[in-house]
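Could you walk me through this structure and show how each label is earned?

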Amino acid sequence: KDPLQIQPEPGRPSHPEPGALLVRLLFAHFQQTQQSFAVSPSFHLSTPNTSIMCDVPPGVVTGDNLLKLLQHAKDNGYAIPAFNCTSSSTCNAVLEAAKKNNSPVMIQASNGGGAFYAGKSCKDPNAAAAGSVAMALHVRAVAPYYGVPVVLHSDHCAKKLLPWFDKMLEADEEYFTQYGEPLFSSHMLDLSEEPDEENIAICEKYFQRMVRMKMWLEMEIGITGGEEDGVSNEDVDPEKLYTTPEQVWSVYEALSKIGDMFSIAAAFGNVHGVYKPGNVSLQPERLGKHQAFAKEKLSSESDKPIFLVMHGGSGSTDEEIALAVKNGVVKMNIDTDTQWAYWDGLRAFEAENHDYLQGQIGNPTGADKPNKKKYDPRVWIRKAEESLVERAGVSMEKLSSKGSYEAKVPEAGTLPIYGFKPKDKSPVGAIKEAMHKIGF
């Protein structure tokens, strides 16, 4: 409560004491730093389907709220789906699915996806970073309208793609200087093709830089098979598709000395791409062994002390996904299935309206009849979005994230159009900025 609105006790002066004034100043500062928008919108609530609720604010989540969200997922037995997006259209469809299913969601940019977002004709070496930043800014601008927590993430970054990672991190730091939080919520380093020692050392180096902004780091140890985004592991030694408990522990031991906001993609037979169920030899029970090993090393009361993530989920059975989540997976990547869903919506529309899409004029209803209402991109792109929304909902149900958050959709007209609020410039803010610069 505002201390100046608390009624004084009988016999006490009615005016606020200096202590109350100080508390109010701190209270006002707290309000400023906790709000991402210039005005506080009024909310109406949609009805979720379960009683398991997470109370982080809607919109892009970072820092303590991100940690709280992922801890809630681990504690309550669900994982958050992470969708690779390549356009504002796919981003919006994912947000729509999250709102519809009362689920938190992750939107992630790959190196190739970022380059596509910037435009295929853009050949600048920083195009992938520029496109990824543009996607993040788009999501930040529209996410509050959907009323669910959104994690902004970047996907696999192999050693050869570190310049892309560096540029995104520069954008995070610039954004942090302006707004007091990073642009992205989290990033992934995938150095699994490198020796473990080098993999972990590079992760340590970047994590030390990221913790200053309370950013989450996802790293991979052990290789995900198949091919994605131009990186092929189709001919890898099958034994490398299974990470050992000792490897996972070596990562945890190194990174936990720096901070607690990190997760590990431990390979358990995962393969990128799409395969029939049963054609991929997933062994999610191995994840339980990683947790047990760490629990013993840490003498932890928790049966799942490590945040784990799952890649290459296409072709996995529902039982395999459920067991992975049970063993501490809090995030699962989805790309191939939603790529197909987006195309399938367009394919079905074209098949149904084929005779209306052969020219601007002329269709079965008449040789002089216009077809604009069929070939307008807003029509057929929307059909692709609707199909993606439906498939994304399937993932949310499989991962049990559906109904884990009560969507807080703002009332019409209550959000500011430009919702980016510069961070506090008061003396307190200046002290915080100075502390950040020296590593606190």
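Here are some questions and answers about a predicted model.

Q: How do you know how far to trust the model, and what is the mean pLDDT of the protein?
A: The mean pLDDT is 86, and 78% of the residues reach 70 or more. On a scale from 0 to 100, two stretches call for care: pLDDT stays under 50 over residues 1–9, and it is also below 50 over residues 25–50. The model has 13 contacts beyond four places in sequence for residues 1–9, and 53 contacts beyond near neighbours in sequence for residues 25–50. Where pLDDT is low, the predicted coordinates should not be read in detail.

Q: What makes the pair Lys68 and Asp55 a salt bridge?
A: The cut-off is a side-chain nitrogen of Lys or Arg within 4 Å of a carboxyl oxygen of Asp or Glu. The side chains of Lys68 and Asp55 meet at 2.8 Å, N to O, so the pair qualifies under that cut-off. Lys68 sits in helix α2 (residues 63–76) and Asp55 in the loop between β1 and β2, so the bridge ties together parts that are 13 residues apart in sequence. The structure holds 17 salt bridges.

Q: Why is α6 called roughly parallel to α7?
A: Helix α6 (residues 162–179) and helix α7 (residues 196–210) have axes that cross at roughly 15 degrees and come within 11 Å. Angles under 35 degrees count as roughly parallel, and that makes α6 roughly parallel to α7. The crossing is left-handed.

Q: Which residues bring α6 and α7 into contact?
A: From α6 come Leu162, Phe165, Asp166, Leu169, Glu170 and Glu173, and they meet Tyr206, Arg209 and Met210 in α7. By class, this contact has 5 nonpolar, no polar and 4 charged residues.

Q: What makes α4 roughly perpendicular to α5?
A: Helix α4 (residues 111–118) and helix α5 (residues 127–142) pack at an angle of about 80 degrees, with their axes 6 Å apart. The range for roughly perpendicular is 65 to 115 degrees, so α4 earns that description against α5. Residues in the contact include Gly114 and Tyr117 of α4, and Gly131 and His138 of α5. The contact divides into 7 nonpolar, 5 polar and no charged residues.

Q: Why is α8 described as oblique to α9?
A: The axes of helix α8 (residues 245–255) and helix α9 (residues 285–298) come within 9 Å and cross at roughly 50 degrees. Roughly parallel needs an angle under 35 degrees, and roughly perpendicular needs 65 to 115; that makes α8 oblique to α9. The crossing is right-handed. Among the contact residues are Trp249 and Tyr252 of α8, with His290 and Phe293 of α9. This contact has 7 nonpolar, 1 polar and 3 charged residues.

How values were computed: Residues are numbered from 1 along each chain as its sequence is written. Side-chain values use heavy atoms; hydrogens and water are left out. Axes are lines fitted to C-alpha atoms, for helices over the stretch in contact, and angles run from 0 to 180 degrees between N-to-C directions. Helices (H or I, at least four residues) and strands (E, at least two) are DSSP runs, numbered from the N terminus. Angles under 35 degrees count as roughly parallel, over 145 as roughly antiparallel, 65 to 115 as roughly perpendicular and the rest as oblique. A crossing is left-handed if the near helix is turned anticlockwise from the far one by less than a right angle, and right-handed if clockwise. Contact means heavy atoms within 4.5 Å. Ala, Val, Leu, Ile, Met, Phe, Trp, Tyr, Cys and Pro count as nonpolar, Asp, Glu, Lys and Arg as charged, and the others, Gly among them, as polar. pLDDT is the predictor's confidence in each residue, from 0 to 100.
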